[in-house]
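Dear colleague,

Please find the structure below, handed over for your consideration. My notes on its salt bridges follow.

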Amino acid sequence: MPLSHAELEDLRRAKRLLEHPGLAVRLTSLLGRPIEGGLALLPKGAAKLVHAATTKTLRGALRVAVGTLGREARPPARLRHKLLAIGSGAAGGFFGLPALALELRSQGEDLSRPEARLACVEVFAFGGPRKSDDAAETGYFAVRSALVFAIEEAAQFIAQKGFVEEGAPVIVRLAGQIAARFSVTVSEKFAAQALPILGALGGASVNAVFIGHFQDMATGHFTVRRLERAHGADEVRRAYAEIA
(Lines give C-alpha, C1' and ligand atoms only; values in the text may rest on other atoms or scores of the structure.)
Protein backbone atom coordinates (compact mmCIF):
# COMPACT_ATOMS: atom_id res chain seq x y z
CA MET A 1 0.00 0.00 0.00
CA PRO A 2 1.62 3.31 -1.10
CA LEU A 3 2.20 6.12 1.37
CA SER A 4 -0.29 8.98 1.38
CA HIS A 5 0.79 12.52 0.54
CA ALA A 6 0.89 13.43 4.25
CA GLU A 7 2.95 10.33 5.05
CA LEU A 8 5.39 11.13 2.24
CA GLU A 9 5.82 14.59 3.75
CA ASP A 10 6.54 12.97 7.13
CA LEU A 11 9.08 10.70 5.48
CA ARG A 12 10.68 13.63 3.67
CA ARG A 13 11.09 15.48 6.97
CA ALA A 14 12.51 12.33 8.57
CA LYS A 15 15.07 11.93 5.80
CA ARG A 16 16.13 15.56 6.15
CA LEU A 17 16.83 14.92 9.84
CA LEU A 18 18.53 11.56 9.42
CA GLU A 19 20.77 12.61 6.54
CA HIS A 20 21.63 15.97 8.09
CA PRO A 21 25.38 16.62 8.36
CA GLY A 22 26.89 15.04 11.45
CA LEU A 23 27.62 16.60 14.82
CA ALA A 24 31.11 17.77 13.84
CA VAL A 25 29.67 19.87 11.03
CA ARG A 26 27.09 21.41 13.36
CA LEU A 27 29.73 22.18 15.97
CA THR A 28 32.05 23.69 13.36
CA SER A 29 29.21 26.00 12.36
CA LEU A 30 28.58 26.90 16.01
CA LEU A 31 32.22 27.53 16.91
CA GLY A 32 33.32 29.07 13.64
CA ARG A 33 36.38 26.82 13.49
CA PRO A 34 37.10 23.20 12.45
CA ILE A 35 36.48 20.57 15.13
CA GLU A 36 39.80 18.93 14.25
CA GLY A 37 41.54 21.57 16.36
CA GLY A 38 39.75 20.29 19.44
CA LEU A 39 40.50 16.65 18.60
CA ALA A 40 44.20 17.52 18.61
CA LEU A 41 43.85 18.87 22.15
CA LEU A 42 42.39 15.65 23.58
CA PRO A 43 44.81 13.51 25.62
CA LYS A 44 46.45 10.51 23.98
CA GLY A 45 44.22 7.47 24.36
CA ALA A 46 41.12 9.62 24.85
CA ALA A 47 39.25 7.75 22.11
CA LYS A 48 39.66 4.44 23.97
CA LEU A 49 38.44 6.00 27.21
CA VAL A 50 35.43 7.53 25.48
CA HIS A 51 34.57 4.21 23.82
CA ALA A 52 34.79 2.33 27.13
CA ALA A 53 32.64 4.94 28.90
CA THR A 54 29.98 5.04 26.20
CA THR A 55 29.81 1.24 26.02
CA LYS A 56 29.24 1.03 29.77
CA THR A 57 26.65 3.82 29.65
CA LEU A 58 24.75 2.26 26.75
CA ARG A 59 24.52 -1.09 28.55
CA GLY A 60 22.53 0.60 31.29
CA ALA A 61 20.82 3.19 29.10
CA LEU A 62 17.78 1.15 28.17
CA ARG A 63 16.71 0.63 31.77
CA VAL A 64 17.27 4.31 32.54
CA ALA A 65 15.30 5.39 29.48
CA VAL A 66 12.14 3.32 29.85
CA GLY A 67 12.16 1.80 33.32
CA THR A 68 9.88 4.39 34.93
CA LEU A 69 7.74 5.37 31.96
CA GLY A 70 4.13 4.45 31.42
CA ARG A 71 2.80 3.27 28.07
CA GLU A 72 0.32 5.99 27.21
CA ALA A 73 1.17 8.28 24.28
CA ARG A 74 2.25 11.85 24.97
CA PRO A 75 4.26 14.56 23.20
CA PRO A 76 8.05 14.32 23.72
CA ALA A 77 9.52 16.73 26.30
CA ARG A 78 12.19 18.03 23.92
CA LEU A 79 12.63 21.49 25.46
CA ARG A 80 12.81 20.30 29.08
CA HIS A 81 15.47 17.69 28.30
CA LYS A 82 17.42 20.12 26.16
CA LEU A 83 17.48 22.63 29.04
CA LEU A 84 18.76 19.89 31.37
CA ALA A 85 21.50 19.07 28.89
CA ILE A 86 22.53 22.69 28.46
CA GLY A 87 23.07 23.16 32.18
CA SER A 88 24.56 19.82 33.13
CA GLY A 89 28.21 20.03 32.08
CA ALA A 90 30.31 17.67 29.96
CA ALA A 91 28.08 14.61 30.32
CA GLY A 92 24.89 16.57 29.84
CA GLY A 93 23.93 14.93 26.59
CA PHE A 94 23.00 11.74 28.38
CA PHE A 95 19.92 13.51 29.74
CA GLY A 96 18.60 12.87 26.25
CA LEU A 97 17.91 9.21 27.05
CA PRO A 98 14.48 9.74 28.65
CA ALA A 99 13.64 12.23 25.89
CA LEU A 100 14.24 9.52 23.30
CA ALA A 101 11.84 7.17 25.03
CA LEU A 102 9.22 9.92 25.12
CA GLU A 103 9.78 10.51 21.41
CA LEU A 104 9.22 6.79 20.83
CA ARG A 105 5.93 6.88 22.67
CA SER A 106 4.73 9.96 20.80
CA GLN A 107 5.14 8.04 17.53
CA GLY A 108 2.82 5.26 18.71
CA GLU A 109 5.47 2.76 19.80
CA ASP A 110 4.42 0.07 22.27
CA LEU A 111 7.09 0.14 24.97
CA SER A 112 6.06 -3.31 26.16
CA ARG A 113 7.71 -4.70 23.01
CA PRO A 114 11.46 -5.39 23.28
CA GLU A 115 12.15 -3.96 19.81
CA ALA A 116 10.61 -0.63 20.82
CA ARG A 117 12.73 -0.47 23.96
CA LEU A 118 15.87 -1.25 21.98
CA ALA A 119 15.05 1.57 19.57
CA CYS A 120 15.70 4.01 22.43
CA VAL A 121 19.36 3.01 22.40
CA GLU A 122 19.63 2.26 18.67
CA VAL A 123 19.22 5.99 17.97
CA PHE A 124 22.74 6.65 19.24
CA ALA A 125 24.19 4.77 16.28
CA PHE A 126 22.77 7.41 13.93
CA GLY A 127 25.38 10.11 14.22
CA GLY A 128 24.77 11.59 10.79
CA PRO A 129 27.21 11.70 7.88
CA ARG A 130 30.75 13.09 8.19
CA LYS A 131 33.06 14.39 5.48
CA SER A 132 35.15 11.22 5.57
CA ASP A 133 32.23 8.79 5.58
CA ASP A 134 31.50 6.23 2.90
CA ALA A 135 27.79 6.73 2.19
CA ALA A 136 27.39 3.02 1.44
CA GLU A 137 28.31 2.21 5.04
CA THR A 138 26.92 5.13 7.02
CA GLY A 139 23.54 6.01 5.52
CA TYR A 140 20.52 5.57 7.78
CA PHE A 141 19.34 2.26 6.34
CA ALA A 142 22.92 0.99 6.04
CA VAL A 143 23.44 1.51 9.77
CA ARG A 144 20.14 -0.20 10.57
CA SER A 145 21.10 -3.15 8.38
CA ALA A 146 24.43 -3.46 10.20
CA LEU A 147 22.62 -3.61 13.54
CA VAL A 148 19.66 -5.79 12.54
CA PHE A 149 21.07 -9.11 13.75
CA ALA A 150 22.22 -7.71 17.09
CA ILE A 151 18.85 -5.98 17.60
CA GLU A 152 16.87 -9.15 16.82
CA GLU A 153 19.12 -11.26 19.05
CA ALA A 154 18.77 -8.82 21.95
CA ALA A 155 15.00 -8.48 21.46
CA GLN A 156 14.59 -12.26 21.62
CA PHE A 157 16.69 -12.41 24.78
CA ILE A 158 14.65 -9.65 26.44
CA ALA A 159 11.36 -11.29 25.44
CA GLN A 160 12.44 -14.57 27.04
CA LYS A 161 14.27 -13.36 30.16
CA GLY A 162 13.52 -9.69 30.60
CA PHE A 163 16.19 -6.99 30.69
CA VAL A 164 17.73 -8.01 33.99
CA GLU A 165 21.07 -9.39 32.82
CA GLU A 166 22.86 -6.31 31.53
CA GLY A 167 26.10 -8.27 31.27
CA ALA A 168 24.57 -10.92 29.00
CA PRO A 169 26.68 -11.45 25.85
CA VAL A 170 23.84 -10.44 23.48
CA ILE A 171 23.39 -7.12 25.31
CA VAL A 172 27.13 -6.51 25.49
CA ARG A 173 27.48 -7.15 21.75
CA LEU A 174 24.66 -4.76 20.88
CA ALA A 175 26.00 -2.03 23.17
CA GLY A 176 29.47 -2.46 21.68
CA GLN A 177 28.22 -2.10 18.11
CA ILE A 178 26.27 1.05 18.92
CA ALA A 179 29.12 2.46 21.02
CA ALA A 180 31.54 2.02 18.11
CA ARG A 181 29.55 4.70 16.27
CA PHE A 182 28.33 6.76 19.21
CA SER A 183 31.78 7.16 20.80
CA VAL A 184 33.02 8.99 17.69
CA THR A 185 30.27 11.55 18.15
CA VAL A 186 30.97 11.85 21.87
CA SER A 187 34.67 12.42 21.09
CA GLU A 188 33.66 15.25 18.76
CA LYS A 189 31.58 16.76 21.55
CA PHE A 190 34.48 16.69 24.01
CA ALA A 191 36.81 18.02 21.33
CA ALA A 192 34.55 21.04 20.88
CA GLN A 193 34.56 21.64 24.63
CA ALA A 194 38.36 21.40 24.65
CA LEU A 195 38.66 24.38 22.33
CA PRO A 196 39.44 27.71 24.01
CA ILE A 197 36.02 29.26 23.44
CA LEU A 198 33.57 31.03 25.76
CA GLY A 199 34.02 28.97 28.91
CA ALA A 200 30.83 27.70 30.51
CA LEU A 201 28.69 29.42 27.89
CA GLY A 202 30.56 27.55 25.17
CA GLY A 203 30.07 24.24 26.97
CA ALA A 204 26.37 24.93 27.33
CA SER A 205 26.09 25.65 23.62
CA VAL A 206 27.90 22.43 22.74
CA ASN A 207 25.55 20.45 24.99
CA ALA A 208 22.54 22.10 23.34
CA VAL A 209 23.80 21.12 19.88
CA PHE A 210 24.62 17.59 21.06
CA ILE A 211 21.22 16.79 22.55
CA GLY A 212 19.41 18.58 19.73
CA HIS A 213 21.30 16.44 17.22
CA PHE A 214 20.16 13.18 18.78
CA GLN A 215 16.63 14.43 19.32
CA ASP A 216 16.55 15.02 15.57
CA MET A 217 17.89 11.51 14.95
CA ALA A 218 15.18 10.13 17.25
CA THR A 219 12.39 12.03 15.53
CA GLY A 220 13.49 10.81 12.12
CA HIS A 221 14.04 7.19 13.22
CA PHE A 222 10.74 6.80 15.03
CA THR A 223 8.85 8.42 12.16
CA VAL A 224 10.31 5.83 9.78
CA ARG A 225 9.39 3.03 12.18
CA ARG A 226 5.80 4.30 12.41
CA LEU A 227 5.48 4.31 8.63
CA GLU A 228 7.04 0.84 8.42
CA ARG A 229 4.40 -0.52 10.78
CA ALA A 230 1.70 0.86 8.49
CA HIS A 231 3.17 0.05 5.07
CA GLY A 232 5.97 -2.47 5.53
CA ALA A 233 9.74 -1.91 5.58
CA ASP A 234 10.25 -2.50 1.85
CA GLU A 235 7.70 0.11 0.75
CA VAL A 236 9.05 2.74 3.14
CA ARG A 237 12.65 2.07 2.13
CA ARG A 238 11.71 2.38 -1.56
CA ALA A 239 9.93 5.70 -0.93
CA TYR A 240 12.85 6.93 1.19
CA ALA A 241 15.29 6.18 -1.62
CA GLU A 242 13.17 8.09 -4.15
CA ILE A 243 13.12 11.30 -2.08
CA ALA A 244 15.64 13.76 -3.50
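Glu9 and Arg12 both lie in helix 1 (residues 5-18), where they are three residues apart and therefore separated by about one helical turn. In this predicted model, the two residues form a salt bridge whose closest N and O atoms are 2.5 Å apart. Glu9 is partly exposed, at a relative accessible area of 28%, and Arg12 is likewise partly exposed, at 32%.

Two further pairs connect distant parts of the chain.

Asp10 and Arg226 meet through their side chains in a salt bridge, with an N to O distance of 3.3 Å. Asp10 belongs to helix 1 and Arg226 to helix 11 (residues 199-231), so that the pair links distant parts of the chain, 216 residues apart. Arg226 has a relative accessible area of 26% and is partly exposed. Asp10 and Arg226 are also linked with Arg13 in a network of salt bridges.

The side chains of Asp216 and Arg26 form a salt bridge as well, at 3.3 Å from N to O. Here Asp216 in helix 11 is joined to Arg26 in helix 2 (residues 23-31), another link between distant parts of the chain, with the two positions 190 residues apart in numbering. Asp216 has a relative accessibility of 17%, and because this is under 20%, Asp216 counts as buried. Arg26, at 15%, is buried too.

A search of the whole structure finds eleven salt bridges, including those described above.

With kind regards

Terms used: Residues numbered from 1 in each chain as written. Predicted model: local features only at pLDDT ≥ 70, side-chain atom pairs only at ≥ 80, totals over all residues. Heavy atoms only, no water. Salt bridge = Lys/Arg side-chain N within 4 Å of Asp/Glu carboxyl O. Helix = DSSP H or I, 4+ residues; strand = E, 2+ residues; numbered from the N terminus. Buried < 20%, exposed > 50% of the residue type's maximum accessible area, 1.4 Å probe, protein only.
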